[in-house]
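Visitor: Hi! I have a structure open and would like to talk it through with you.
Guide: Happy to help, so let's bring it up and go through your questions.

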Amino acid sequence: YDEGLEEEYGDGAVGLQTLRGLDVDSGEIVWEYGEDGAVRNDGSNALLVTSDRVFLREDANAFDLEEEASLHVLDAASGELIVEHAIDVEQCVFDGQHHVACSLPSNTTLYGPQNTFGLDAATGDVLWELTEDEDAGTLAAEVVTAWHGAVYGRSANGALVLDAATGDVLHSDPGMVPLYVDQRLAIGAGEDDLLTVAPAVE
């Protein structure tokens, strides 16, 4: 990001920055992204970078309620916009294959995460959404990590594992929310915050 730009709205200002893509070998700038060269953000909005996609959050405009937060999916090689969604998320995880899951962290909302989204990692299309709805008995999840079709996260009821393709609950009581997972093991904090190692979900 290139810092230092500001957009004036009344007595306040919205921070603007330019997202730039670099050649990994030469370090040269190969593309820049943002309307008029900049996007609204707090400097930490490149949520996820896969081998060929960039998932970028643009902040809501505090001085113009019509400009809500959104998720932009870019081509990592060219910086071209593939798709934009009018959804508000602050963290995304990639399962290493075909799917991305995104959510708001629980400490940013009053009652925990309000929505969880599953996206196609290549097209950026939204495949599923979980909404926090007490009356309907549905829970959203704060996503933490993912691996090969499984999304690990936490809801108001505790740890759970979701199907990355459908959002269905694979396990409602896995015993922990792993911080690291691969094809064999999941590692995280279990009961009493003790380091716990368990088989990964297949």
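Visitor: Let's start with Pro-174: is it buried, exposed or partly exposed?
Guide: Pro-174 is partly exposed, because its relative accessible area is 29%. Please keep in mind that this is a predicted model.

Visitor: Where is Pro-174 found?
Guide: Pro-174 sits in the loop between β16 (169-171) and β17 (177-181).

Visitor: And what does Pro-174 touch, leaving out residues up to four places away in sequence?
Guide: Pro-174 touches Ala-159, Leu-160 and Val-161.

Visitor: How far apart in space are Pro-174 and Ala-200?
Guide: From C-alpha to C-alpha, Pro-174 and Ala-200 are 10.0 Å apart, with their positions 26 residues apart in sequence.

Visitor: Leu-160 makes me curious about cores. Which residues have the most contacts inside the largest nonpolar core?
Guide: That core has 14 residues, and those with the most contacts inside it are Phe-55, Leu-71, Val-89, Cys-92, Val-100, Cys-102 and Leu-119. The elements giving two or more residues to this core are β5 (46-49), β7 (70-75), β10 (99-103) and β11 (115-120). Leu-160 belongs to a second, separate core of eleven residues, which also includes Val-93, Leu-162 and Ala-164.

Visitor: Back to Val-89, then. What is it in contact with, beyond its neighbours within four places in sequence?
Guide: Val-89 is in contact with Leu-47, Arg-57, Leu-71, Cys-102, Ser-103, Leu-104 and Phe-117.

Visitor: There's an arginine in that list! What does the side chain of Arg-57 meet in a salt bridge?
Guide: The side chain of Arg-57 meets that of Asp-88, at 2.6 Å from N to O. This pair links distant parts of the chain, with Arg-57 in strand β6 and Asp-88 in the loop between β8 (81-85) and β9 (91-94), 31 residues apart.

Visitor: Is Arg-57 buried or exposed?
Guide: Arg-57 counts as buried, because its relative accessibility is 9% and the cut-off for buried is under 20%. Asp-88 is partly exposed, because its relative accessible area is 33%.

Visitor: How many salt bridges does a search of the whole structure find?
Guide: The search finds four. One of them joins Arg-53 and Asp-75, whose closest N and O atoms are 3.1 Å apart. Here too the pair links distant parts of the chain, from Arg-53 in strand β6 (residues 53-58) to Asp-75 in strand β7, 22 residues apart. Arg-53 counts as buried, at 14% relative accessibility.

Visitor: What about Arg-154: which residue does it form a salt bridge with?
Guide: Arg-154 forms a salt bridge with Glu-142, where the closest N and O atoms are 3.5 Å apart. Arg-154 lies in strand β14 (residues 150-155) and Glu-142 in strand β13 (residues 142-147), twelve residues apart. Glu-142 counts as buried at 9% relative accessibility, whereas Arg-154 is partly exposed at 33%.

Visitor: And which residues are joined into one network by salt bridges that share partners?
Guide: Arg-57, Asp-88 and Glu-90 are joined in that way.

Visitor: New topic: why does strand β19 lie largely in the open?
Guide: Strand β19 has five residues, 195-199, and the number buried is zero, so the strand lies largely in the open.

Visitor: How do strand β18 and β19 pair?
Guide: Strand β18 (residues 185-189) and β19 pair in the antiparallel sense over five bridges. For example, Leu-185 has Pro-199 in β19 as its bridge partner.

How values were computed. Residues numbered from 1 in each chain as written. Predicted model: local features only at pLDDT ≥ 70, side-chain atom pairs only at ≥ 80, totals over all residues. Heavy atoms only, no water. Core = buried A, V, L, I, M, F, W, Y, C linked by side-chain atoms within 4.5 Å. Buried < 20%, exposed > 50% of the residue type's maximum accessible area, 1.4 Å probe, protein only. Helix = DSSP H or I, 4+ residues; strand = E, 2+ residues; numbered from the N terminus. Contact = heavy atoms within 4.5 Å. Pairing = 2+ DSSP bridges.
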